[in-house]
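Hi,

Here is the structure I promised to pass on. Have a look at it first, and then read my notes underneath.

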Amino acid sequence: MISSLSLTSSTFASSELLNRKSPIPRLNLPAQFPNRSALKHLDRSLSTNKPLHISSVDNLSLPLKSFERSTECRAYEADSRRLQINVELPEEQAAQKLKIGLYFATWWALNVVFNVYNKKVLNAFPYPWLTSTLSLAAGSLMMLVSWATRMVDAPKTDLDFWKSLLPVAVAHTIGHVAATVSMSKVAVSFTHIIKSGEPAFSVLVSRFLLGEMFPLPVYLSLIPIIGGCALSALTELNFNMTGFMGAMISNLAFVFRNIFSKKGMKGKSVSGMNYYSCLSMQSLLILTPFAIAVEGPKLWAEGFQQALSQIGPNFIWWLVAQSMFYHLYNQVSYMSLYQISPLTFSVGNTMKRIFVIVSSIIVFRTPVRPINTIGAAIAILGTFLYSQAKL
């Protein structure tokens, strides 16, 4: 609300704004100024419950010949609508926590389902190159349909984007195939125990190839990671060198994927699910000719017929499920990263491996020794400590 104050006797005599806390200076007015006695009140002070803003001070100093004009001080109440204070109410905090909880639950559940169906498919159809190709193909097809139907906004890309994505896609392809090969040879739990050692590869590659230095707690966290993985590997009942090396190669490939991703995607606008979708499409183009060369349609046809005769029509559902859930769990993980802090994401990734390991042991009734369990626990604890020290 805007009001006008005139420096006359009637204004200050009737005002309720007078007190003695903030004296204001006398005005040097001419002797001819009418009702001069009323200005004695200027020794007193003005106060108000709401701030007063003087919009003009041009007429506060009056010349001798301009006493006919009355000096006006325009004041207005502060507009409280201009004050923007971001305060999260308890209801908003609860809603945010619920949202993060749903992201985590969806991420872990999809990952567990993928690993279960992936292992079922590989037990009946031991062709990891084809299953890896199908999972990338399913994700690429899902996103193409989403872009075509406008369910998801298509990314704006150019040739430079795809060039920068190429090394990331190569590393992603190698890591994906190596992990699938590992799961085709050993238990899911063993593969994920070895894959929990990925931070050790990240630190070593960054230190010796990129010259990056880390704080001492980061290096110390590698001790339980390496020790736990080694203890678990040595005590694994169904140890297989191909499976072990596949998990190790997957760790190394994903480290390079992360490094190339940081360098190649700097300044790019594509992120989140669209970034992973573009990555899947390029990986599919890279992997398909190698899958045909390594295994080939003839082996795939024979294996498919044998799996159908042993499992029945359910095998087709297993194949579709593992392909779809692979893309979905990766997509949710990328979406989660943009909703939560990196620290929360790293903790969630550590907890995810625990859920996968425990779930696979229960579903497939994998025999586990106590010493093997201790080794896995030490490795996962080291991974958690690394995430805390790194951040």
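Before the notes, one bit of vocabulary: two packed helices are described by the angle between their axes and the distance between the axes. Each axis here is a line fitted to C-alpha atoms over the stretch in contact. Also keep in mind that this is a predicted model.

Now for the helix pair. Helix α9 covers residues 272-294 and helix α10 covers residues 296-311. They pack at about 75°, and their axes are 6 Å apart. Angles of 65 to 115 degrees count as roughly perpendicular, so that is how α9 and α10 sit relative to each other. Which residues make the contact? On α9 they are A291, I292 and V294, and on α10 they are G296, P297 and W300. Five of the contact residues are nonpolar, one is polar and none is charged.

Next, the record. An unreviewed UniProt entry annotates residues 129-148, 241-260, 272-294 and 314-330 as "transmembrane region". I looked at two of those spans. Residues 241-260 are 100% helix and 0% strand, with the end C-alpha atoms 28 Å apart. Residues 314-330 are likewise 100% helix and 0% strand, and there the end C-alpha atoms lie 24 Å apart.

Last, the cysteines. How many disulfides does the structure hold? Zero. Are C229 and C278 buried or exposed? Buried means under 20% relative accessible area, so C229 counts as buried at 10%, and C278 counts as buried at 1%.

Cheers

Notes: Residues numbered from 1 in each chain as written. Predicted model: local features only at pLDDT ≥ 70, side-chain atom pairs only at ≥ 80, totals over all residues. Heavy atoms only, no water. UniProt positions renumbered as here; feature names shortened; annotations may be inferred. Helix = DSSP H or I, 4+ residues; strand = E, 2+ residues; numbered from the N terminus. Disulfide = S-S within 2.5 Å. Buried < 20%, exposed > 50% of the residue type's maximum accessible area, 1.4 Å probe, protein only. Axes fitted to C-alpha atoms, helices over the stretch in contact; angles between N-to-C directions. Parallel < 35°, antiparallel > 145°, perpendicular 65-115°, else oblique. Contact = heavy atoms within 4.5 Å. Nonpolar A, V, L, I, M, F, W, Y, C, P; charged D, E, K, R; others polar.
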